[in-house]
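Let's take a walk through this model, starting with a sheet and ending with a few backbone oddities. Keep the structure open beside you and follow along.

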Amino acid sequence: MSSAKEEHKRPSTRILSIGREKCITGIEGLDSVLGGGIPRNNTVLLTGNCGTGKTSLSLEFLLHGALEGENGLYLSVTEPFEKLIANMIPYDFFTKELIKTGKLTFIDMSAIYERFGFNRDRMSIEDVDLLVSAIGDLTRETKARRLVIDSITSVAYQVDSQEKLRNLLIGLSKALSGLGATSLIISELTAADTSYSKYGVEEAIADGVILMGNLERNGDMLRTLQVIKMRGTSHSRAKYVLDLTTAGILLVPLLKGGS
Amino acid sequence: MDASAMVLKELKDVEPSTSTSLEISTEVYFDAVKGLMNLKDESKSQIVYIASTVPADAIINAMEMIGVDSDDVKFIDCISNMMTGQQGKYDNVIFIESPTMLENIMLKVEFLRRKSAAKRSIVIIDSVNTLHIHNDWKIMGEFLHILVNSLRSRGSTTIILSIKEQQSPEVNTLLGLISDRVVKIGGV
């Protein structure tokens, strides 16, 4: 029987990479859309409505990295680690060894809040700085080259001003980039939201924005993905349809039908 | 020579990275399907059968009755789910909610390619006419163009089944554009 490592084929070797060094996501279609991957050290806002595949995509990003020797750190605000793993797609290339060996680390953000005694209802500007510092320390300790925060929207509920949120995001982006980590920051949207993020500042500060959505077409519901911006690479801005499978996320172009 | 033997004779040496249009008459439909199923014995390729004319279960059952084993064929069933959400009993069948979800057909083809150990696939579309019942010809054209060329780039082969009695000028034009070769079987 072949191991998960053996089954894991680096799919992006044929993709022409242009510009800065790329962090190959391992999601073949996405790497192709991004011209080879996410530029190293970028902080990317992964945004969209519920059920669009944000958590699955971010987990797969970490999994592929871990299989290629890059440590990954997943900071969860919304779900306990056990529930997250239990609900994860049973990927062909996942093995619990990745967690046991420290290639993948999952941390519940509530543990960080408790450790620093944050007031969970309202963070002060000092709390925001402490939080940035704590996430930086965790990234350093785990030697993470890939990081996911799920989600910034939940963190932002405890930040009561746009100024503090801006500080948080700029601080995170600088700290993580300085540590050589490529990050996906998940942002949750509702159907009523008209911008790419809940508070408007997230999309402006991030180096990249990947929008995931649900598209209804004649009664059919399709999951979609679109790269809105990505600093440091030439990328497609077209909309793609995706499928969450045990072989990983698959992407195909959205058909337009002459429209 | 019956229709199944003719289909096998015409298609057993089909080249990689090509697209063939197989035009048949209604009366030889199941014979043609039998010939297509038998391609698995003549080729080292994975066979992917996109069923939108009759449900995959019906094809598998019909083949069983005439002694043709279709266990190694992977089916993408586009219609069973639409009919009161019926799901079948076979492990080699993947269901798609509706034949209007053309992107999902492409995604399932890619999924099966990833899962297969075979170096290339033969993807059979049954049929262009029934897909055309549910889809505008412009989106059909886009779908076939992307699917066929994506398979071409991976060295795989597409066989597009069409039924003579249901042919329309738009479908004929489309098949002419995307097919490298046209094979006609059964009084057509």
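One thing before we set off: this is a predicted model. A good place to begin is chain A, where nine strands make an open sheet with mixed pairing. Going across it, the order is S5-S4-S6-S7-S3-S8-S9-S10-S11. The edges are S5 (104-108) and S11 (248-253) of chain A, each of which pairs on one side only. Going from strand to neighbouring strand, the average turn is 25°, direction ignored.

Zoom in on S4 and S6 of chain A. Strand S4 (residues 71-76) and strand S6 (residues 144-150) run parallel, and six bridges join them. If you'd like one bridge to look at, pick A:Leu75 in S4(A): its partner in S6(A) is A:Ile149.

Now look at what packs on this sheet. Helix H6 (residues 109-116) of chain A does, touching S4 and S5 of chain A. Its direction makes about 60° with that of S5(A).

H6(A) also meets another helix, H7 (residues 125-141) of chain A. The two axes come within 11 Å and cross at roughly 120°. Angles from 65 to 115 degrees would count as roughly perpendicular, and those over 145 as roughly antiparallel, so this pair ends up as oblique. The crossing is right-handed. On the H6(A) side, the residues in contact are A:Met109, A:Ile112, A:Tyr113 and A:Phe116. Facing them from H7(A) are A:Leu130, A:Leu131, A:Ala134, A:Ile135 and A:Leu138. What classes of residue make up this contact of H6(A) with H7(A)? Nine are nonpolar, with no polar and no charged residues.

Over in chain B, there's another helix pair to look at. Helix H1 (residues 3-11) and helix H2 (residues 29-37) of chain B have axes that come within 7 Å and cross at roughly 40°. An angle under 35 degrees would count as roughly parallel, so H1(B) is oblique to H2(B). This crossing is right-handed. From H1(B) come B:Ala3, B:Ser4, B:Val7, B:Leu8 and B:Leu11, and they meet B:Asp31, B:Ala32, B:Lys34, B:Gly35 and B:Leu36 in H2(B). By class, that contact has six nonpolar, two polar and two charged residues.

While you're in chain B, have a look at the rings. The whole structure holds five aromatic pairs over all chains, and one of them is B:Tyr49 with B:Phe75. Their ring centres are 5.5 Å apart and the planes make 50°, a tilted arrangement. The pair links distant parts of the chain, 26 residues apart: B:Tyr49 belongs to strand S2 (residues 46-51) and B:Phe75 to strand S3 (residues 73-77) of chain B.

Last stop, the backbone. Most residues other than glycine have a negative phi, and most peptide bonds are trans. With that in mind, check the peptide bond between A:Asp150 and A:Ser151, which is cis, with omega about 10°. A:Ser151 lies in the loop between S6 and helix H8 (152-156) of chain A. In chain B, B:Asp126 and B:Ser127 are also joined by a cis peptide bond, with omega about 0°. You'll find B:Ser127 in the loop between strand S5 (121-126) and helix H6 (128-134) of chain B. Finally, A:Asn41 has a positive phi, near 75°, in a residue other than glycine. Look for A:Asn41 in the loop between strand S2 (38-39) and strand S3 (43-48) of chain A.

Definitions and conventions. Residues are numbered from 1 along each chain as its sequence is written. Chains are lettered from A and ligands numbered from 1 in the order in which they are written. This is a predicted model: local features need pLDDT of at least 70, side-chain atom pairs count only at pLDDT 80 or more; totals for chains, interfaces and linings use all residues. Side-chain values use heavy atoms; hydrogens and water are left out. Axes are lines fitted to C-alpha atoms, for helices over the stretch in contact, and angles run from 0 to 180 degrees between N-to-C directions. Helices (H or I, at least four residues) and strands (E, at least two) are DSSP runs, numbered from the N terminus. A crossing is left-handed if the near helix is turned anticlockwise from the far one by less than a right angle, and right-handed if clockwise. Contact means heavy atoms within 4.5 Å. Ala, Val, Leu, Ile, Met, Phe, Trp, Tyr, Cys and Pro count as nonpolar, Asp, Glu, Lys and Arg as charged, and the others, Gly among them, as polar. Two strands pair if DSSP finds at least two bridges between them. Rings of Phe, Tyr and Trp (its six-membered ring) pair if their centres lie within 6.5 Å; planes under 30 degrees apart count as stacked, over 60 as edge-to-face and the rest as tilted.
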